[in-house]
Each structure stands twice: as structure tokens, then as C-alpha cells.
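Hello,

The structure we talked about is pasted below. My notes on its aromatic rings follow it.

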Protein chains: 2
Amino acid sequence: MADLELSDLHGSLTDRALNSMNFLNEVSHHYPEAISLAAGRPTEEFFALEDLHRYLDLFAQYLRDQGYDEAAVRRTIFQYGRTKGIIQDLVARNLAIDEDIHVDPEAIVVTVGCQEAMVLTLRALRAGHEDVLLAISPTYVGITGAARLVDLPVVPVGEGDDLATVLKSVRAEGRRPRACYVMPDFANPSGLSMDLSARRRLLELAAGENLLLLEDNPYGLFPAEGHERIPTLKSLDMSRRVIYLGSFAKTGLPGARVGYVVADQTVGAGVLADELSKLKSMLTVNTSPVAQAVVGGKLLANDCSLVAANRRERAVYAANLQAITDGLATRFPNGEITWTVPAGGFFVVVTVPFPVDDTLLEKSAHEYGVLWTPMSHFYDGDTPINALRLSCSAVTLPQIDAALNRLAAFITDQLVLSDGT
Amino acid sequence: MADLELSDLHGSLTDRALNSMNFLNEVSHHYPEAISLAAGRPTEEFFALEDLHRYLDLFAQYLRDQGYDEAAVRRTIFQYGRTKGIIQDLVARNLAIDEDIHVDPEAIVVTVGCQEAMVLTLRALRAGHEDVLLAISPTYVGITGAARLVDLPVVPVGEGDDLATVLKSVRAEGRRPRACYVMPDFANPSGLSMDLSARRRLLELAAGENLLLLEDNPYGLFPAEGHERIPTLKSLDMSRRVIYLGSFAKTGLPGARVGYVVADQTVGAGVLADELSKLKSMLTVNTSPVAQAVVGGKLLANDCSLVAANRRERAVYAANLQAITDGLATRFPNGEITWTVPAGGFFVVVTVPFPVDDTLLEKSAHEYGVLWTPMSHFYDGDTPINALRLSCSAVTLPQIDAALNRLAAFITDQLVLSDGT
């Protein structure tokens, strides 16, 4: 039999980052009865099958309005297409309207979700063994995983670390920082945002240090009640310092798996997007035109504004986030534990006086019927982390109430146990 | 400005394989008036927008028939899903019906086209610097490109080479052949097929040499008039020696970008598909469920038989292939040039007494209005190749007639020129 040993396969397969993602996916399948404050999926409240049909029709009509005959309409949606995509013009309009980001559609590559955008970008930037990626820590596991796939080490930049100091020490070791990955708005997993002056300082530092910034922005459209959106790094970037990683998973339609990258840095006579497109031609050839048509149709249905398209979703997430932080305050009035009160997005981080690992998660799922995410998954290395992440996006208010009761019982029992040891 | 030099990016970007693909895509955009005997796209004759709607509805109904309630139907199509996919059971039924391949759906990973299946497989197999991929030469550029993305060298196995001898010499150099890539049915670009006994010998050799085979089969459903299909390697494989790379681009719907890999080799307590799925969770997370639903609906519409679904397409390709080989015979009756007469598929290789390069292709496009593909793109290295590839798939019979007139004029003029030098 032609069977294989794990040790004969690529090293990433035994890596913590990939197994993290897998463990987190599987644990929810093992405990289907548990309420999940783990899932970062968008709300399902407004999904409607008829929208798929409507979006496809709207996109076809848009092509006709552009002068396509019926054969060209069919060809565009059914056939292989340009590797860069078929909706870059609509994405560019969306970025102008919602984000005040103004780019040539030719600087955009439409990708299979934001994950492929990350892989393409890191694949392009990883030229040699000395190359590393910096990433604000705790870090989204998807970027760590993408880096593993292209054999690119990730150097964490902790909350207390000074980026300039980290850069200096990395360079002193003969390593070359190719970019720094940041999620300035309601980050996954920390829930934290950078304020405007921090953004400006980061751009200045990046310019001074000749560093690229990879800005990932899946949650920016979802500020909490009473909070305003802050301009993205890319909209403040006057010197093509920022590669912008875009996702429609939370704001468009997760099942389309359509994202994009804005890469307007010049390379030779073209732009970085041209080079990413060449890599994409060997990775996925192109992003499903059918899926792009669905997302294109949703953009068209909303005059290219996803802020407009997501008013109801924004209200759901804002109410849920409030319910989680209020609910924690009611259940833990005496400061036994602490939590973040984010200005938006999906995630609240709860800090507890005991280390939180996968064994505790399984206990919580099995004995208490509530799922959450150990923060340790978002850090490199084996240091125990006394925190867990709650997500507000894929639950209803009654579910949040029940889940917080279960979580409170679990934490209270753990506090007793950890006091006793 | 944060601009970049090509020399600072990954080496694949200056590689022939990636630039080949790019050049070939672009040349057709530069000469839209030329008739293309270059494109390997499927025929557009039977595309119908209403099919998309019908397929989506059929798949939704199938989920209901499986006991899904409406919320679960919506969730399956709209939400992120299992990384392995949502249509593996339908793919497994299709393989059983059309290919006599019988595999557990859990050994299947649905991918973003066959290209992602290649990248996942090569990424898993490329563990160290000593690893290489063998590939029957001339070779599909997509596999060469995928190998470049994961820094895996490709060792060509020429038509006259003995695979066992190549294996021995590769191993003697301290390199480790992880697999051999083959397209046994109507290969791209050669058009050639392996007969049944050659398939059995290859499986035997692979078993004796402990070599995995990567079988790629995009064209197997399209035998020419008077030819029968030959069993795939995977259907003959009794010892999990074959990783089967599947595509729906030619038989399903290219715009869905859905393919798959069958990887039933055991790895630890699971199968290789589990490991490929872990890699996929960091590459594209999952294949668009919307796109999978469309392909699933097409399978359901045809009782999971793509042989049945493609009767009209098979007839078109068979007639076109015949028209090309007959048309060449009419125009070159005196043996000035030779060509293959394939038993099916899309491709005819024409051998001429002069080297065929990209400059000649541009001349043919510009001055004669006909596009084809220099065979040199399918070989490693810079050796001049006196051959070009014609594709029969994306043209009508009148276009073939006109294109062959133009091609004959071009070749005749070149014969005169090459005689003169």
C-alpha cells in the first residue's frame, strides 16, 4: 500500500497554527448542542436563497448595460476569466464609497476569500531564507497559517513591544522583515482598534523604516453603538506603503468565498497586483466567476456600498456585543475577572486568573455546554495564556444570555478549583 | 514610495513557467480578431444562464430531501462550510458511475479547480530540499507552476525515457522523487493516451519503486469518434498508489472553479485527504459553497453522470478534432509537416521543420490572424522545439476551416523562409 508518514509531509502539517484551526473547527462538530461563543461566522439571520438568484440576475443585467451581448454575458459568468477577476471595477467603487480608498481597478486582484489574498502576498514577498513577517500579537491564525505554507517565519510584535525596536533586533540578526501584518479595526482576536494618531504614527514609522504594512480589515464596518469608524491605514497612505487585504466574508456573503487584495506598489513597469495575479494563475487560476457575479450583484443592489448593505447586520452585532459586555458585568460584579469593551467588531477577550487551554475548552463544551476560544491559539509558543475569546456574531440575544450563564458557572467553578490548588 | 523590485520577490515570478501562462493569456487579449486554436476552454455553445438558477434550486432541494430544514439549507449554501467541501458524496457517486472509481467521500477534498488540488498535493509532498516531482514531458504548465509555488523542482521524463532509469538516476543524486505526474487520457499538450497495458505496467513499476502517481484527468470523457474510453489509473489501482486530480472545468462548468482530489492514502489514523484539508484551511479556507451548489446541482440534474451530461459536448469536440486532422491532411498532402491524430481530447500537435517560438506566434497572430500555442511552453529549458499545439475546443467548424487556411498560409510562408536560410 502506498501509505505515508506525517513526518514525510510538509512541516506545516505538524505545526501548531494549522492544527489550531483544525481543532477549533472540530470541537464545534463534536459538541453540536453547545452554544458557540467561538464561531466568528457572520449572522445567518438575513440569508435568503432568492438573493442568490437576484444577485446573479443583477450582475448579468449590469454586463448588458456595459454593452455585452448575451454570448459575452454567458461567457463572462460561465467561462474561465481574467485571473485578476471580473468585478474589480465594482470593488474599486465600493472602496471609494465606503473607505475613501481610491485605487485603479488594475491594482486589485479578486481572490478566493481574504485567505488566498494573504497567501499570494506572502508568497510574493518571501524570496529567501532571511525573510520574515512581523505580526501584531495576538495574531489572527489565518495569517500565521498562510506564512507556514510559504515557509515564512512570523515574528510576533507584542502589545508592549515597540515596533522600531523589534525591527532593529530582527535586522541585527540578519533577517529581513518584509512586512508587518496589522488589523487596525476591531482586531481578531483582541477586539482592539488603533486610534487615528496611532495609525498615523505607524504609517510614519513604516515610511522611515521602509516597511510594508499588510492591513486586514474584515470587521471595519461594524462599530459598536456610539462609536464611529476610523479611517483605514490604506485611506491615510499617501506613499503606497499599505497592501490592503479585503474580505466580503462578513459584509458580502461568506459562501461566495470572494475577497481581494489592493497592491498598488510599483514593480518594474507594472504594479504588485500584476505579480500577485501571476502567482494566482498557478494557485487557483481565477476566482469563481459565478461567485464573483453573486458578490458583484450584491454590490450593485446596494449602489456599491456595503455600509448600506449591512445596516441590519451592524445593529445585530452592536446589540450582541453590548449584551456580552453587559452580561459579563452582571455576572461578575466584583472584579474576579476582567474583559475588554471593544469599540466594535465581533470579539471580547475575557481575562481569568487561570491558564486557558484546549482541555478546559473541551470541559466547558462537554460539562457546561458553551464554546469559546482559548486565546493561546493566537500566540506563538507554549506560554500559558489566562484568557479566552468570546464572539458575538453567530448567536441570538437569548443564546447569549444562556451562554453567559453557562460560562459564568464554568468560570466560577474554575475559580474555586484554581483557588484550591 | 514603497515600491518593489522583481528581484526582491519570490523566484517563481521570474520563472519561465509562470510567464508562459501569462504570455499565452495576454497574446489572445492583444489579438482579439485572431481565431484562437490556442484556447483550451470548453465550448460555450450550451451555456445557459437559467441553468445556474436551476442547478442552485436542485441542490437546495437535494439538501431538503436529505432532511435539512430551511435554515440548514441556507447555512450550507451561504455560510463557510467544512473545508473538505459540501458535495463529496455527489463527487464520489459521479466517480463510481462514470469512472468505476470507488472511494469513501472522506477521501475527497473539493478544491478551487484542479489547480488548487495540485498545489495542495505538491505542498503536502514537498517536505525537504531533496524532494522532486517527476513529470511526463511535455508537461501541462499548471503542474510546473504549482511546483514552482512550493519550491519543488520538476524532473521531466521524456517520451523516449525509461521511468525506472530516471528514478534510479534521480535517487543516485540524493534526490527523493515524491511522485510522478501523468495525464493518461488525451494529455495536454501532447494529445496522446496510454493504452491499457501501459497503464498496468506503470502501476506495477510504481508499486515496485514505491512511487506515488498523480493522475490528472480533465479530458477523459471526450474520446474521438470510433474510440472507447480506457480505465483510469485510479480505477485500476488496488494499492492506493494513485492520487487522482479531478476537474469539472471541462465537464461541469468552468466558471464554478470546482475541482477535487482523491487522496485515500493513509497517514497516521486518517487519510491524506485530511492533511490536504488542513493545508486548504490555510490556502482558501473552503471552496465557495455557492459554486459547489451549482456543480452539485448539475450532477443531480444528470443522475451524477457527467458522461450523460456531456453527450453534446463530446460530439462537438469529436467533430472538431476530426475537422482539424482532416483539414491538415487536405492542406498538407505531401508530408511537408506531420501531426498527431489523437484518440480524443482537445489537442493536436503539429510538427514543422523550423523552431516555433513566441515571436512566431505573435507574427501568426498579427499577420495571419490565427493563434496557437508554441510547444516550447511545455518543456523545461531553452531547447528549440519544432512543434505547435492546436486546440479544437473553443471554435466552430467554420472557424476551424478559416483558421486552418490562415495556419496553412503561415506555415507555407515559414517553410519558404526556413528553406531560404
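Is A:F347 buried or exposed? A:F347 is buried, with a relative accessible area of 0% (buried means under 20%, exposed over 50%, partly exposed in between, with a 1.4 Å probe and protein chains only).

Before the rest, two remarks on the basis. This is a predicted model, in which local features need pLDDT of at least 70, side-chain atom pairs count only at pLDDT 80 or more, and totals for chains, interfaces and linings use all residues. Residues are numbered from 1 along each chain as its sequence is written, chains are lettered from A and ligands numbered from 1 in the order in which they are written, and side-chain values use heavy atoms, without hydrogens and water.

Over all chains there are 24 aromatic pairs (rings of Phe, Tyr and Trp, the last by its six-membered ring, with centres within 6.5 Å; planes under 30 degrees apart are stacked, over 60 edge-to-face, the rest tilted). In one of them, A:Y219 and A:F347 meet edge-to-face, at 5.3 Å centre to centre and 85° between the planes. A:Y219 sits in the loop between β6 (212–216) and α9 (233–236) of chain A and A:F347 in strand β12 (residues 347–351), so this pair ties together parts 128 residues apart in sequence (helices, H or I, have at least four residues and strands, E, at least two; both are DSSP runs numbered from the N terminus). A:Y219 is also buried, at 3%. Both residues belong to one aromatic cluster with A:F222, A:Y317 and A:F346.

Regards
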